[in-house]
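Here are my notes for you on this one. Have the structure open while you read, and take the points in order.

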Amino acid sequence: MKRYLLLIGIVLINITLVSAQHKKRNLNIVFIGNSITQGVQIGNAADAPPAVAVAYLLKQKGINEVKFSNQGHSGYTTLDFLPSAGRTFNKVEEAANAFTNKEALLIFSLKLGTNDSAIKGPHGAPVSPDRYIENVKTIVDKLLADFPKAIVVLQHPIWYSPNTYNSSKYMEEGLSRLQTYIPKIDSLVANYGLTNPKHVFVGDKKAFAHFKKHHLTELIPEKGQAGTFYLHPNKLGAASLGEFWGKAIERIVKKNF
């Protein structure tokens with residue numbers, strides 16, 4: 001009898017483990033970013049990187065339902081998203097609160113830095129690496145204070161051509177500054193791993209190199225004050241970027257939740 005009960009117990013444990021392994025997650029995602037996130041030059045919102053990322057996630061075995069909000073704003077820097085700035089940050093939180101499934105895992109996917117890195121033009125530019133990451137930390141801290149069960153995914157910024165100069169001036173100096181933000185992002189996430197484990201993660205790390213290599217086919221050629229420059233993804237580039245983000249989010253969810 002004892003042996004029989006032991007066998008039943010083992011079977012029940014195995015069934016529980018298998019069920020847990022096959023449990024599908026529901027996700028609510030707020031994408032925070034600039035014109036690249038917004039997909040401002042693509043036209044169709046369904047082709048913007050956030051929508052592509054969600055489409056990718058919906059095809060994955062461990063994902064069930066995914067709802068999202070695209071909070072990309074053209075020309076915005078980290079300063080525009082600071083909680084103290086009010087309106088834009090409030091819209092991010094309103095978007096998070098608007099999701100109806102409160103049991104879904106809430107994710108904030110943040111990709112900022114392009115406009116911060118400019119020589120002049122966008123709000124606050126040029127933003128030093130220390131100020132940039134201080135701003136990112138302020139945003140993340142407030143999001144986690146208001147949504148303690150949420151996670152934040154910090155996506156690396158993407159490459160732009162060193163002659164980028166539209167109404168704002170970026171150029172080689174801006175591109176160099178942009179690259180100094182990347183180790184700051186990684187270091188911040190490592191610190192959160194000690195102070196607030198499993199809440200802040202590094203997302204995509206591959207898109208920067210990808211667009212540097214494929215800018216002629218995946219970024220839009222734009223006429224600027226220093227010649228034709230490459231900054232915004234076209235439809236193909238947005239598909240690549242969205243998939244990079246989707247894969248990063250899937251990896252984080254699969255490994256940790």
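1. A bit of vocabulary to start: Ala, Val, Leu, Ile, Met, Phe, Trp, Tyr, Cys and Pro count as nonpolar, Asp, Glu, Lys and Arg as charged, and the others, Gly among them, as polar. With that sorting, the lining of the second largest pocket has 8 nonpolar, 3 polar and 4 charged residues. A pocket here is an open set of points on a 1 Å grid over the protein atoms alone, where a 1.4 Å probe fits, with protein on both sides within 12 Å along at least five of seven lines; lining residues have an atom within 4 Å of a point.

2. Keep in mind that this is a predicted model, where local features need pLDDT of at least 70, side-chain atom pairs count only at pLDDT 80 or more, and totals for chains, interfaces and linings use all residues. Numbering runs from 1 along each chain as its sequence is written, and side-chain values use heavy atoms, without hydrogens and water.

3. Back to that pocket: it holds about 330 Å³ of space (the space filled by probe spheres set on the points, which are joined across faces, edges and corners). Its lining has 15 residues, and the closest to the centre are Lys-102, Glu-103, Ala-104, Leu-106 and Lys-149.

4. Which elements each supply at least two residues of this lining? They are strand S1 (25-33), helix H4 (87-98) and strand S3 (105-111). Helices (H or I, at least four residues) and strands (E, at least two) are DSSP runs, numbered from the N terminus.

5. Zooming out, the C-alpha trace of the chain spans about 85 × 35 × 30 Å along its principal axes. As for burial, 51% of the 257 residues count as buried (under 20% relative accessible area, with a 1.4 Å probe and protein chains only).

Note on methods: Buried means under 20% relative accessible area, exposed over 50%, partly exposed in between (1.4 Å probe, protein chains only).
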